[in-house]
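Here are a few worked exercises on chain-to-chain contacts. Grab the model, try each task, then check the steps.

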Amino acid sequence: MTILEVVLRLVLVVAAFLILPLLVGQMEHKAMAHMQARLGPMHAGGFHGWAQLIADGVKFVQKEHVVPTEADRRVFSLAPAVALLPYMIVLVVIPVGPGLVAVNLDIGLFFVLAVMSVSVLGSVMAGWSSGNKYSLLGGLRSAAQLMAYELPLVLAASSVAMAAGTLSLSGIVEAWSPWWLLWQAPALLIFFVAGLAELARPPFDMPVADSEIVLGPYTEYTGLRFALFLLAEYAGIVVLCALTAVLFLGGWRGPFASDDLGPVWFLAKVFVLAFVVIWLRVSNPRLRADQLQKLAWQVLVPLSLAQLALTGVVKVVAS
Amino acid sequence: MQGYFGAYGLIALLLVVGAVFVAVALSANRLLRPARPTPQKLLTYECGVDPVGGGWAQSYVRYYVFTFLYVVFAVDAVFLFPWATVFAAPGFGLATLIEMFVFLGFLAVGILYAWRKGVLSWA
Amino acid sequence: MPAVQDIDYLAIAPPLILALAAILVLVAETFLPRVDALAIGGIVLAGGAEIALTAGGRTRGTFCVDGSCSFVVDDFTLLFQSVMLIAGVIVVLMAQVEIRDTRLPAGEFYFLILGALSGALTLAAGRDLVTLLVSLEVVSLPLFALVALRRYDGRSSEAGVKMFLVSVVSTAVMLFGISLVYGATGTLFLDRIGAVLATPSPLESVAGVGVVLVLVGFGFKVSAVPFHFWAPDTYQGSPVAVAAFLSVVSKAAGFAGLALVLSIAFAPFADVWGPLVAVLAAVSMTVGNLVALRQKTVIRLLAWSSIAQAGYMLAPLGAAGGGAPLGELVAATIGYVAIYALMNIGVFAVISFVGWVGRHGGGMLDDYRGLARTNPLVAVALAFFLACLAGLPPGLAGLFAKIVVFQGTILGGYGWLAVIMAVNTVIGLFYYLAWASRLFAARPETVQFGQVKRPVGVAIGVAALGTVLISVLPQVVLGVSIGG
Amino acid sequence: MHVAYPVVLAAMLFSIGVYGVLARRNAILVLMSVELMLNAVNLNLVVFDVWLADRLGSGQVLTLFVIVIAAAEVGLGLAIVLQVFRNRATIAIDAMTELNERDEEKL
Amino acid sequence: MSVLPVLFFAIPLIGCIAVLAVPERIAVVLGIVITAVTFVLTVVAAMSFSYVGGGMHLVTDLSWIPPIGLRFHLGIDGVSVPLVILTALLCLLGMIYVARREAGLERPRAFVSLLLLTEVGMLGTFISLDLLLFFVFFEVVLIPMYALIAGWGGAGRVRAARQFILYTLLGSGVLLVGLLVIYGNTSTLDMVELAARDGAGMSRAVQIIAFVLVAGGLAVKVPMWPLHTWLPDAHSEAPTVGSVLLAGVLLKMGTYGLIRIALPTLPEGALAVAPFLGALGVIGIVYAALACLAQRNLKRLIAFSSVGHMGFVLLGISTLTAAGVNAALLANIAHGLITGLLFFLVGGMAERFGSTDMDKIGGGTLTLAPRLGVLLIIAAVASFGLPGLAGFWGEMLAMLAAFNPAESLDRGLYLAYMVIAGIGAVLTAAYFLVMLRKVAQGTVAAWRRDGGIMDVTRSEMVAWVPLVVLVLVVGIWPGLVLGPTAETVSAYLSGGG
């Protein structure tokens, strides 16, 4: 690997990290608006408000940064970075095509799961350091949600690892075959739902429930730091969708020309999934705390255990 | 940038890049933004009213039971992953599978127990 | 190398049965009103497997790689497992009444006890450091919960915290030692470590540090002075049955591990750890006995006395520095541990009968005045157990145990240690006798002991029977060495 | 990379942990110090495993177990500390003296 | 292979348990029956074999605990026979003594049971031929004796009992270490075997260490000056029968142990340590005599006198000659008979006068209760060694032996010992005479003149007369004891085993 290559890879990853969330964000603006029978942003940039998010960004950069006197200043300032950076790190190991991956780790899946869960720490830090009751509650809710949904997430992921017999993400994509759609469907659902919950996306947005606790951990944030949290949320969606695509939907593989059009297939899957994320937000009411925990422990965990059993049996019988 | 350390070196590099990105953004922010703090502005936000009590008010932590459950169960994944990658390889077979089922069975019993004890329902 | 190791299911049956019984109890408890019988049944079944293994009469190894096995069932294993199972039955029996009286959650209690017991059995069979470490933790972890089980009693939680912190620190220290030993030898199998350490190597000093750290870790587990301070507080704060388990099964497990590690893996380093253990032994017995002299509550007295007893158990191992044949020294320690387990559990069974008096499990020493008048059998049993602990006829079991230890110590050429032991034996006699003599003193009017509940009676009976048996036929437990 | 670097790092981590255990009077912080010690152990084990090129991967296996043990310890430890807090409203180790040796019982 | 020695302690042991099961009032009767049977058995055993040539008889030798080499090895020979009979006799007499109606024994069941348990230990000690077995029996005595003192003793019983048990247990600990040193170096616990080896296999240093440990442990029981301080308290606080057994038998266990274990097994050690043993012995004699002169309490006086008498025994042993050891054995028996009798008498006086303080009792016992007075005089003069009574021969022979100690010992030193012991003997006579003058003779104290004092009752007679008779018999015919011992001892010391 030459220096040039290294730089190229880094640039590509950073670019993906900066652009894809914006696309998803814009998609959310528009898709949500249309689902709710309105137009959404129409002015910024001219064509259907395509530059709305860029404008938002510029605005955020210029806004005043307020740190409440009650807050723990250092943790408060650090939290957005902690929330954001893990998603960027995760992107580095996601394969977008055959051989097209910034870093090919043998234990990619493990790495991804480990790094992703760091991100929630950002929310918890924010909630804890703000010195605000709503924030504290929100932070605790985030933590609890992570606790509850991490287990099914991990179990579902390990089901795929079992099926593929490897922890390498590229290896999983290569081992994937269409009938997994059927066989690993429960795992897919579990993974996707648990991932949403970890991101605190609606309908699992108890931690930021605006009607109860304003904006949870982010209540006290303003300006650019708030923007970083927003960016983290959308980056999270991208990462979740990318992972779901890689693990369950065959990543870069498509009905035809997988080798040539790999990245295209991959991105298509990511955006379809991102659309589903948005769709779920619009069409579902928020779950209560007890429902959240119940769903995790009484539905997802047993289901994921059953999926593991199924995977194991099928795999052994097949071999 | 080859091999074991190479791969992680790249990741570390990316982390640095990310940190730089955040730092640059925040510095830009610092240059561009106004800074006019007033005591009122720096007050803790409580829907516009003056804050009641401290922000660090104690709240009952209902979630810790789940924390324990998580700690107990999620860490077991440590065993699951290495197993998952090899159990179907030649030479392992059914016995290995059954052993892991026993392991999963223990997890399931744990959940069952928690459920019967009413830990899982919101009190 | 085959990918999958063969498993000798009979060899692992005792701990396996216990583990399954533990799970069963936990689940059944939510459906059934009482699970006492299930818990006892589990232990008895494991005992049956034990008998089958003994009848098999050969050493069984399983989970083997290239001739080194992780799990070996030999005479040593069988002896320890049997003793632990007997102690386990007695603990469960005596716990029944306490659980009811102090409203402990029965399912959890039995689950945790059986789990810890299963770990203890595994420990005795473990022949690599991973197995030993994991099983040691399987013994310890449930005990933290058990100690703190009386949820609304601040002292119970305090006892739990104290034990917990000490224990986790000791585990960490031991682990660091293990990691160093691993680095120096490249293996975690005890026999291979022994083989590697026997040859000179530039990493000897690293291994030496590791050995000492492992020793320190075990020092905590067996509550040897100066790693003992948690024991009295923990015993006092925990339910009596749990204190019994701590003082007997948990300690026996610690010694099993210590004996295994020292005699197989670290044997070539006997000149490093031997003197250290000898000093630990001397200090433990002296401090334990001297402090025990001043105790007013029985549970603390037992705690300190068990610290002192740990000193006796360590003594023969300490003599290993003198170049005596390690096998005989280890046999002495093993014999003492086994005998101690039986007699000490007997004492606990009796004090569980007295119950929680004045916020002390087992009451004050003076609460025992006149026990002989109201419950002569119980009093005689207690006096017998105490005589055994003192090592004084008619407590022949204890005497024989002491003799093998003396013998081992002298064999190793550690005369000074033997003399310290002799002096300590006398000090020990004093407080054991002071207690025993109270049993036969005149009874204050206020004291009411009441009837012995059946399970407790059975527990005392089993312990007494076992101790008498060992008094007459101590060869059952003496002379058993590792791998023999 | 020479094996000494990570091993020295591990030793330092371990020492910091030991210092924490000895110096800290808050149960939770002691627990965290212990975690530090355990992680030092993990580092050691993994490094030695790689350095020795252990065919059985013993070091890594033990590392996995240590991770689990550490987690279990934290779980239980927090539960007990919480219980103490509920009973006593403090988690300072020095304040836990109800079970200490009474003066007349000391040596 | 003989069951007889097993029966010696099996019968009292069974009795000890059986007594607990019978009603309180017949407990003592049962106790008498059991001790009587035991006594008869011991006499039968003693007469069942010839003592010529020494050697062990009635041997029982079974393997018991192989890992520690412990054998169930019993047997008797000339050395143990007199002690066995003395023990059985004193137990029987003690039992008869407590059976008197006027003894008013509290909790007789427990008392008798404990007494029988003591007998088990004492007899067992004298017939054990295995070091560990010896130790076990040696220890078995302690607990019941402790209980007897603590449960039925006088006002200061708790302290006395505690002191007794602590001292003797400390001694036992040291003894055990000593025995284990022997075992550690020879790998056998068998006394016969060890005696036959005559110290082979142990270096001189080891022998000395072992001897010091064993002798030190036993010396507490003997008791040897300066380890005697437990004894006056224990004797004076114990119930009468307890004192009798303590003085009559328990002390002998120490000297017996020296003769049986220390001398034959560790000859070189004995040679090195014997002068010190002798020195402490004679110091004990003089010290005890001086202490007795200062005593006002009868029980304490007799207790201290025991220290002196045992000093003679030690002196005899320390000469390492057949004559000395024989003298020691004879003095043992004599002391057992005489001091047993003395304690019985003092116990009887305590019952009558409510005190054992000589000044309080006042003089005139001979006038008030002539038979009691006569018995007291006989016992006292026997104790200070009047020729023709039992006490004479042992002490006389011990001094004679000191005149002619073993060749390797320093004769001059022993001559000095002999002289000092002679002075001690004179002092002994002095204090006993002072005692008799104060208590037996003289005018009757004013406060007692009207109240009649009961003379010796018939049941007391039954308990005491056998002792008086034996004191006379042994005094006239010391060969009764010396006959069995002499042959055996000479075989012993020659190293032949």
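**Exercise 1. Work out how many residues chain A and chain B each give to their contact, and how much area is buried between them.**

Step 1: with contact taken as heavy atoms within 4.5 Å, chain A puts in 73 residues and chain B puts in 64 residues.

Step 2: the area buried between chain A and chain B comes to about 6200 Å², with 78% of that from carbon and sulfur atoms. Buried area here is the accessible area (1.4 Å probe) that two parts lose on being put together, summed over both. On the chain A side, A:E64, A:K133 and A:W297 lose the most area to chain B, together 11% of what that side buries.

A word on ground rules: this is a predicted model, where local features need pLDDT of at least 70 and side-chain atom pairs count only at pLDDT 80 or more, while totals for chains, interfaces and linings use all residues. Residues are numbered from 1 along each chain as its sequence is written, chains are lettered from A and ligands numbered from 1 in the order in which they are written, and side-chain values use heavy atoms, leaving out hydrogens and water.

**Exercise 2. Find which elements of chain A touch chain B, after counting salt bridges and polar contacts.**

Step 1: the salt-bridge rule (a side-chain nitrogen of Lys or Arg within 4 Å of a carboxyl oxygen of Asp or Glu) finds zero across the interface of chain A and chain B.

Step 2: residue pairs in polar contact, both at pLDDT 80 or more, also number zero between chain A and chain B. A polar contact is a pair of N or O atoms within 3.5 Å; within protein, one must be able to donate a hydrogen and the other to accept it, and residues adjacent in sequence count only if both atoms are side-chain atoms.

Step 3: elements giving two or more residues to this side of chain A include α1 (3-35), α5 (133-164) and α12 (289-318). Helices are DSSP runs (H or I, at least four residues), numbered from the N terminus. The largest share, 14 residues, comes from α5(A).

Step 4: sorted by class, the side of chain A that touches chain B has 48 nonpolar, 14 polar and 11 charged residues.

**Exercise 3. Do the same job for chain C and chain D, and name the salt bridge.**

Step 1: 55 residues of chain C and 47 residues of chain D make the contact.

Step 2: about 4300 Å² is buried between chain C and chain D, 71% of it from carbon and sulfur atoms. C:E158, C:F176 and C:Y182 supply 15% of the area that chain C buries against chain D, more than any other three residues.

Step 3: the count here is one salt bridge. C:D66 pairs with D:R55, and their closest N and O atoms are 2.6 Å apart.

Step 4: seven residue pairs are in polar contact between chain C and chain D (both at pLDDT 80 or more). On the chain C side, α6(C) gives the largest share, 22 residues.

**Exercise 4. Rank and rule out: which pair of chains has the most contacts, and how far apart are the closest C-alpha atoms of chains B and E?**

Step 1: among the five pairs of chains that touch, chains A and B have the most contacts.

Step 2: chain B and chain E share no contact, and their closest C-alpha atoms lie 43 Å apart. Chain D and chain E do not touch either, with nearest C-alpha atoms 20 Å apart.

How values were computed:
Ala, Val, Leu, Ile, Met, Phe, Trp, Tyr, Cys and Pro count as nonpolar, Asp, Glu, Lys and Arg as charged, and the others, Gly among them, as polar.
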